[in-house]
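Me: I'm new to reading protein structures, and I'd like a close look at one part of this one. Could you pick out the open sheet and walk me through it, then show me how it fits into the rest?

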Amino acid sequence: NGSKSVVRTLRPEAFKSMIPTIPVTNMVCFFAVSHSQITRLYSRFTSLDKGENGTLSREDFQRIPELAINPLGDRIINAFFPEGEDQVNFRGFMRTLAHFRPIEDNEKNKDPTASEPLNSRTNKLLFAFQLYDLDRDDKISRDELLQVLRMMVGVNISDEQLGSIADRTIQEADQNGDNSISFNEFIKVGNLQHINVWAGDHYLILSYILLSVLQD
Amino acid sequence: NILNSCVIKDQERSVAMEDFWAIVLAGLKVWVCLIVALLMVPAMFGFSLGISETYMKILVKILEWATLRIKTVNKAERMIQSSSFNSEDDGSMEEELRGLRRSRPKPPVGGDFTLSDCFYFYRRGIEDIIEDEVTQRFSSEELVSWNLLTRTNIDFQYISLKLTMVWGLGVFIRYCILTPLRIMLASIGLTWLVIGTTAVGFLPNWRLKFWLSEWVHVMCYRICARGLSCTIHYHNKENRPRKGGICVANHTSPIDIVILCNDGCYAMVGQSHGGLMGVLQRAMARSCPHIWFERADMKDRHLVTKRLRDHVNDKTKLPILLFPEGTCINNTSVMMFKKGSFEIGGTIYPVAIKYDPQFGDAFWNSAKYNMVSYLLRMVTSWAIVCNVWYLPAMHQQEGEDAVQFANRVKSVIAHQGGLVDLSWDGGLKRAKVKDTYREEQQKKYSSMVVGSEEGRSGNSD
């Protein structure tokens, strides 16, 4: 069984020693918190991995009851899997979760020419946009919006009413008249600008550089 | 001359061998006498010589010392609490959606939906992926500080030579001294149980029979408890279950039965097995009536309820012992109580059982360990320490259905034992969650989009 992730053999101390020596390229890096948080997430990953082959499938996620009853559960699970793939390894798992870091004040003063850090507000909004954009064509069409709405409300609202809700939403957001919402239009939607999502959460932080080091 | 000296040497050797075997035999006799005197006699008659208490005290001191050493070396924060991964504001759906929609005027017509609504579901989803309330209950609890057992060490680091030596000594004591002793005690206990109950079963139905049967049962369970090195503290003994009642308790492992039966006799309910278990079951059933079902009968709920009801209505029969959770949970929470136990009628005597995880983890993770490896883990822990609280009897009230009654009993038990009260089904260990729960979430959200009156007009399609 040679496909086990290399993380299993990496001692937590190794993470700490790696960080100062990694050169900063044009990828912005964050700093790992205590190794026990990484260990914690890794033990979560392995506890979900019932097949013990170092990867998670969609069924492994579905085994979490609270996620299985979440109306958008399938869409969230889908975000972990890149296009066309059915398995996600620890690296991919962490990469998706690395979006959920609270936005810290000292980052607002960062060099504006550096590329976007993984977890900035824009990237979070992109993640939400991709929840709606089912076919990953960078546009939310009326059909896609209807499908996601149907997931959220179940059988409790009629087709006509749902259709009018979708129409109104697109009408409000669409600016170039193509009857669909692009990402630029999405982020300009009124209250999305003022959202302070994830205020007060304390999710883990993970170095993106570390992830590239953890080659399979 | 040479022949003579060879013969003499042979004789000397055989004498030495005889001496050797005589010594061994004498040693065994002493060993057995010690066991009988120090362990079995107190177990039979229910008093204690204080040996285990001394053992516990020494152990606690050593563990405290070890914890201190680990803390001084490992000053970096140990993020143990699961709450560190959860958002602080865990408001309800209504509150959060209202917060998300705050800065937007409500549209005049159509539903109150905005693109930001998805954030609520998406945040909850990610939180549940990182840590959820349910799946953690099906694996052993994590300890706050290491208790010198390798099996509970999730974050092993070399701390100091002294600590490692203490740990090594602990391994030696546990595996080489305590374990053979415990295994021997457990086998003696079980053998006596079978022999004793069969013998009592031959007596005619006099009062003496009942008294003897109870005594045999309790005695053998006490021996088994010593075999597992259990230390049990019973609280509120005045609330002990009485004849004709139903005793319900939270379930952590098969050892719960040994724990409860150390202090009283219960009628067991369960499936009849073959093999060793079957021998035990048939022997026990001879001396006093237990309720064993055939596998096929267990599926017939009415049959099961009827038999239980008959047993309960006969006031001379022992109280039934039931575990309404239906499966083993890791002793940090109490999960949904199945309503079947509460439809029988009769008085319910709730009992809360809480194990102290410092001395050994009693939870049976049936997915990971089979019964034999589980029992081996039990006999190689430091000890099994638990508290049992007998709670006042409860009856089903007017206008309360079985589910509400079950939840009421569950919260009483959870409160007493310091356990988290969950309404998730323990069966989720193996089964998928029902779709009805997702439909409830969808319905709740729909009412926030269209409001509860308007929504109904669209339902009939």
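Reply: Sure! Let's start with the chain that holds the sheet. Chain B has 14 helices and nine strands, and 45% of its 461 residues count as buried. Keep in mind that this is a predicted model.

Now for the sheet itself. Five strands of chain B make up an open sheet, and their order across it is β1-β8-β7-β2-β5, with mixed pairing. At the edges you'll find β1 (230-235) and β5 (320-322) of chain B, each of which pairs on one side only. If you ignore direction, neighbouring strands in this sheet are turned by 25° against each other on average.

What does "mixed" look like here? Follow β7(B), because strands of a sheet can pair through backbone hydrogen bonds in either a parallel or an antiparallel way. Strand β2 (residues 246-249) of chain B pairs with strand β7 (residues 348-355) of chain B in the parallel sense, over four bridges. You can trace that pairing residue by residue: Ile246(B) has Ile348(B) as its bridge partner in β7(B), and Ala249(B) has Val351(B). With β8(B), on the other hand, β7(B) pairs in the antiparallel sense, this time over five bridges. One bridge to look for there joins Ile353(B) to Val388(B) in β8(B).

How enclosed is β7(B)? Eight of its eight residues are buried, so the strand is largely enclosed by the rest of the structure. To see what that involves, remember that side chains in a regular strand alternate between the two faces of the sheet. On one side of β7(B) sit Ile348(B), Pro350(B), Ala352(B) and Lys354(B), on the other Tyr349(B), Val351(B), Ile353(B) and Tyr355(B), and all of them are buried, so both faces are covered.

Something has to lie against the sheet, and one element that does is a helix. Helix α12 (residues 402-417) of chain B packs on the sheet and touches β2, β7 and β8 (384-390) of chain B. The direction of α12(B) makes about 35° with that of β7(B).

Next, a stop elsewhere in chain B, at a single residue. His290(B) is in the loop between α8 (275-287) and β4 (291-293) of chain B. Buried or exposed? His290(B) has a relative accessible area of 9%, and since anything under 20% counts as buried, it is buried. Leaving aside neighbours within four places in sequence, His290(B) is in contact with His217(B), Tyr266(B), Ala267(B), Met268(B), Met284(B) and Ala285(B). Pro319(B) is 29 residues away from His290(B) in sequence, with 10.0 Å from C-alpha to C-alpha.

Zooming out, let's look at the cores. In soluble globular proteins, nonpolar side chains tend to be buried together. The largest nonpolar core here has 57 residues, and Phe61(A), Phe93(A), Tyr132(A) and Phe113(B) are those with the most contacts inside it. Helix α4 (residues 118-130) of chain B gives this core its largest share, eight residues. Apart from that core lies another one of 46 residues, among them Tyr266(B), Leu280(B), Phe323(B) and Cys386(B). Tyr266(B) is a name you've already met, as one of the contacts of His290(B).

Tyr132(A) shows how both chains come together in the largest core. Not counting residues up to four places away in sequence, Tyr132(A) touches residues of its own chain including Ile140(A), Leu145(A) and Phe186(A), as well as Phe113(B), Thr114(B), Leu115(B) and Cys118(B). Phe93(A), another core residue, belongs to helix α6 (residues 90-97) of chain A, where it is buried along with Phe90(A), Gly92(A), Met94(A), Thr96(A) and Leu97(A). Six of the eight residues of α6(A) are buried, so that helix is largely enclosed too.

Finally, the chains also meet helix to helix. Helix α8 (residues 142-153) of chain A packs against helix α13 (residues 435-450) of chain B at an angle of about 110°, with 7 Å between their axes. That makes the two helices roughly perpendicular. The contact is made by Arg150(A), Met151(A), Met152(A) and Val153(A) on the α8(A) side, and by Gln442(B), Tyr445(B) and Ser446(B) on the α13(B) side. Met152(A) is also one of the residues that Tyr132(A) touches.

Terms used. Residues numbered from 1 in each chain as written. Chains lettered and ligands numbered in written order. Predicted model: local features only at pLDDT ≥ 70, side-chain atom pairs only at ≥ 80, totals over all residues. Heavy atoms only, no water. Core = buried A, V, L, I, M, F, W, Y, C linked by side-chain atoms within 4.5 Å. Buried < 20%, exposed > 50% of the residue type's maximum accessible area, 1.4 Å probe, protein only. Contact = heavy atoms within 4.5 Å. Pairing = 2+ DSSP bridges. Axes fitted to C-alpha atoms, helices over the stretch in contact; angles between N-to-C directions. Parallel < 35°, antiparallel > 145°, perpendicular 65-115°, else oblique.
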